[in-house]
Amino acid sequence: MAAAGSAPEARPEGQEPLLGSAEAAADEDEEGESRDVVETQEHYKSRWRSIWIMYLTMFLSSVGFSIVIMSVWPYLQKIDPTADASFLGWIIASYSIGQMVASPLFGLWSNYRPRREPLVISTAISVAANCLYAYVHVPHSHNKYYMLTARALVGFGAGNVAVVRSYIAGATSLTERTSAMANTSACQAVGFILGPVFQTCFTLIGEEGVTWKFLCLQLNMYTAPVLFGALLGVINIILIFAIFREHRVDDMGRQYKSINSDGEGSDVLDQNTEGSIDHVAVVALNVLFFVILFVFAVFETIATPLTMDMYSWTRKEAVFYNGIILSVIGIESVIVFMVVKILSKKTGERAILHAGLLVVLIGFFILLPWGKKLPNIQWQEIKNNSIPRTAPTEMLMPFWSLQEMQLPSNHTGEPVGCPVTQSWCLNTPVIYLAQYISSDVLIGLGYPVCNVMSYTLYSKVLGPKPQGVYMGWLTASGSGARILGPVFVSQIYTHLGPRWAFSLICGVVVASLLLLEIVYKRLIAFSVRYGRMQEENC
């Protein structure tokens with residue numbers, strides 16, 4: 001990843017070289033020209049140092065989400081016994097809601113002001129929110145609402161993802177763009193992988209840990225991860241002030257003035273920005289990105305309840321085994337991100353996006369139940385010839401929360417198998433473990449491909465125009481997908497079963513493939529659309 005991020009891509013024959021003498025650049029600047037300025041070696045190094053700071057910011061954003069995801073429920077039960085599993089669903093969703101609201105706002109801010117401002121403010125919000133999370137045990141009541149607020153603010157701070165991606169899009173040439181976007185997505189994936197690893201390491205502190213009364217702080221397995229995240233956020237802010245600089249290059253890699261730089265007017269635009277953005281392509285890519293994040297959110301959410309229902313795993317076994325599987329998928333994703341950078345130069349982003357969606361479709365198709373063997377039934381759920389009813393609010397919970405509620409409080413042993421309260425358990429064939437593992441591998445292959453290609457195509461379609469707001473909307477669509485995915489699963493899977501759930505997902509992916517076919521020819525770089533560059537050079 002380092003090599004790909006720090007080295008320039010091979011430039012097409014006959015194209016103006018990227019690097020030039022400092023004297024030549026100074027002469028151009030004195031003439032007041034903001035276009036066709038040859039990039040100096042110093043500018044090149046500063047530009048890539050700034051991009052690496054954006055990689056770090058993306059990594060910390062994903063760590064902030066995943067570092068507490070496994071411990072939220074036990075911590076919530078500890079600090080506020082009145083909290084139920086339905087409230088846990090809101091706490092999990094609050095991160096994505098906060099990010100969905102903040103992304104367009106930070107994106108708009110970054111279009112007109114130096115990007116350092118929204119980056120520092122958003123990171124500071126995340127730091128403060130993590131500190132609040134560490135103190136949610138202090139109030140004597142309503143602790144669950146303080147936790148909800150803390151997680152929503154962490155998500156709000158994570159809205160800087162839009163600023164990160166818009167900066168990288170504006171600071172790279174077309175030939176550098178795919179590699180830089182792949183590195184960004186890889187850093188995000190690594191953050192999601194390492195977050196639970198950090199959490200696991202902090203479990204060695206234990207539930208009691210150490211208490212500092214003069215600070216009213218309990219340092220334990222629940223608070224140590226967020227305080228560690230806050231420390232990383234402070235380091236990130238320091239690096240942004242010390243290293244990050246505003247840089248902007250056009251699609252061919254030529255340096256020109258950024259409207260985000262201090263002391264420069266926003267009316268200084270290069271002639272290469274002339275022309276309108278293809279908004280049909282923009283909307284289509286937003287829809288495609290929503291579908292990609294939606295189906296992956298469904299996949300993440302369904303893992304634990306599906307394996308508990310189909311293979312009679314206990315909660316502990318399901319969390320442990322699926323944790324291993326998701327970690328392997330995360331490593332697979334990082335490898336895919338690296339391979340995609342090379343492959344895209346030969347086949348182009350559109351073809352790879354098409355192939356990625358096909359792989360995801362096959363992955364969900366494999367999950368469809370078949371055969372005659374039925375899953376083991378969890379008969380222990382029936383007591384006094386009655387079947388527990390599901391309240392309307394419970395239908396909006398994530399699956400694994402619903403599983404917690406289904407356990408009778410007077411059980412000494414944990415019931416396993418497919419609950420008879422899910423009527424489909426009595427007539428739906430079991431999904432074999434080989435099917436599940438094969439599907440995991442395929443989805444773990446297709447999702448990262450679709451993720452990085454959709455971001456790359458989106459940034460190329462927007463071209464040299466300020467991308468903050470557009471990236472904000474793309475991030476918001478992804479956050480919305482992460483909110484609606486678990487809701488969709490809790491409705492369809494619980495009441496209709498995996499056959500309906502996965503069939504509908506397959507239908508959604510097929511529809512996205514048809515949409516991609518319709519707009520395929522429109523998904524081209526801004527400079528290619530207006531004849532300033534040849535498509536093979538992108």
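**Exercise 1. In this predicted model, work out whether the length of helix α9 agrees with the span expected from its number of residues.**

*Solution.* Start from the count, which is 29 residues for α9, and apply the rise of 1.5 Å a residue, remembering that the expected span is 1.5 Å times one less than the number of residues, so that a span of 42 Å should result. Next, take the distance between the end C-alpha atoms of α9, which is 42 Å, and therefore agrees with the expected value. Finally, turn to the surroundings of the helix: 21 of the 29 residues of α9 are buried, so α9 is largely enclosed by the rest of the structure.

**Exercise 2. Describe how α9 and α10 cross, and decide which word fits their orientation to each other.**

*Solution.* First locate the two helices, α9 at residues 174–202 and α10 at residues 224–242, whose axes come within 9 Å and cross at roughly 125°. Because this angle lies neither over 145 degrees nor in the range from 65 to 115 degrees, and is not under 35 degrees, the two helices count as oblique to each other. The crossing of α9 and α10 is right-handed. On the side of α9 the contact is made by Phe 198, Gln 199 and Phe 202, and on the side of α10 by Ala 224, Pro 225 and Phe 228. Sorted by class, these residues give five nonpolar, one polar and no charged members.

**Exercise 3. Examine helix α16, covering its length, its surroundings, its end and its packing against α11.**

*Solution.* Helix α16 runs over residues 468–496, and its 29 residues reach 41 Å from the first C-alpha to the last, which is close to the 42 Å expected. As for its surroundings, 21 of the 29 residues of α16 are buried, so this helix is largely enclosed by the rest of the structure. Just after α16 comes Gly 497, which takes a positive phi of about 100°. For the packing, consider helix α11 (residues 279–311), whose axis comes within 7 Å of that of α16, the two crossing at roughly 35° in a right-handed sense. By class, the contact of α11 with α16 holds 21 nonpolar, seven polar and three charged residues.

**Exercise 4. Which orientation do α13 and α17 have to each other, and which residues of the two helices meet?**

*Solution.* Begin with α13, which spans residues 349–366 and whose 18 residues reach 26 Å between the first and last C-alpha, close to the 26 Å expected. The buried residues of α13 include Leu 353, Leu 357, Val 360, Leu 361 and Phe 364. The axes of α13 and helix α17 (residues 498–519) lie 9 Å apart, and the helices pack at an angle of about 165°. Since angles over 145 degrees count as roughly antiparallel, that is the term for α13 and α17, and the crossing is left-handed. Among the residues of α13 that meet α17 are Leu 353, Leu 357, Leu 361 and Phe 364, while the partners in α17 include Phe 502, Ile 505, Val 509 and Leu 513. The residues of this contact divide into 14 nonpolar, two polar and one charged.

**Exercise 5. For Ser 344, Ser 312 and Gly 159, find where each residue lies and decide whether it is buried or exposed.**

*Solution.* Take Ser 344 first, a residue of helix α12 (residues 315–347). Its relative accessibility is 7%, which is under 20%, so Ser 344 counts as buried. Leaving out residues up to four places away in sequence, Ser 344 touches Thr 178, Glu 349, Ile 352 and Met 453.

Ser 312 lies in the loop between α11 and α12, and because its relative accessibility is 16%, Ser 312 also counts as buried. The phi of Ser 312 is near 55°, a positive value in a residue other than glycine.

Gly 159 is placed in the loop between α7 and α8, and at 0% relative accessibility Gly 159 counts as buried. Apart from neighbours within four places in sequence, Gly 159 is in contact with Gln 99, Ala 102, Ser 103 and Phe 106. The C-alpha atom of Gly 159 is separated by 8.3 Å from that of Leu 105, although the two residues are 54 residues apart along the chain.

Note on methods:
Residues numbered from 1 in each chain as written. Predicted model: local features only at pLDDT ≥ 70, side-chain atom pairs only at ≥ 80, totals over all residues. Heavy atoms only, no water. Helix = DSSP H or I, 4+ residues; strand = E, 2+ residues; numbered from the N terminus. Buried < 20%, exposed > 50% of the residue type's maximum accessible area, 1.4 Å probe, protein only. Axes fitted to C-alpha atoms, helices over the stretch in contact; angles between N-to-C directions. Left-handed = near helix turned anticlockwise from the far one by under 90°. Contact = heavy atoms within 4.5 Å. Nonpolar A, V, L, I, M, F, W, Y, C, P; charged D, E, K, R; others polar.
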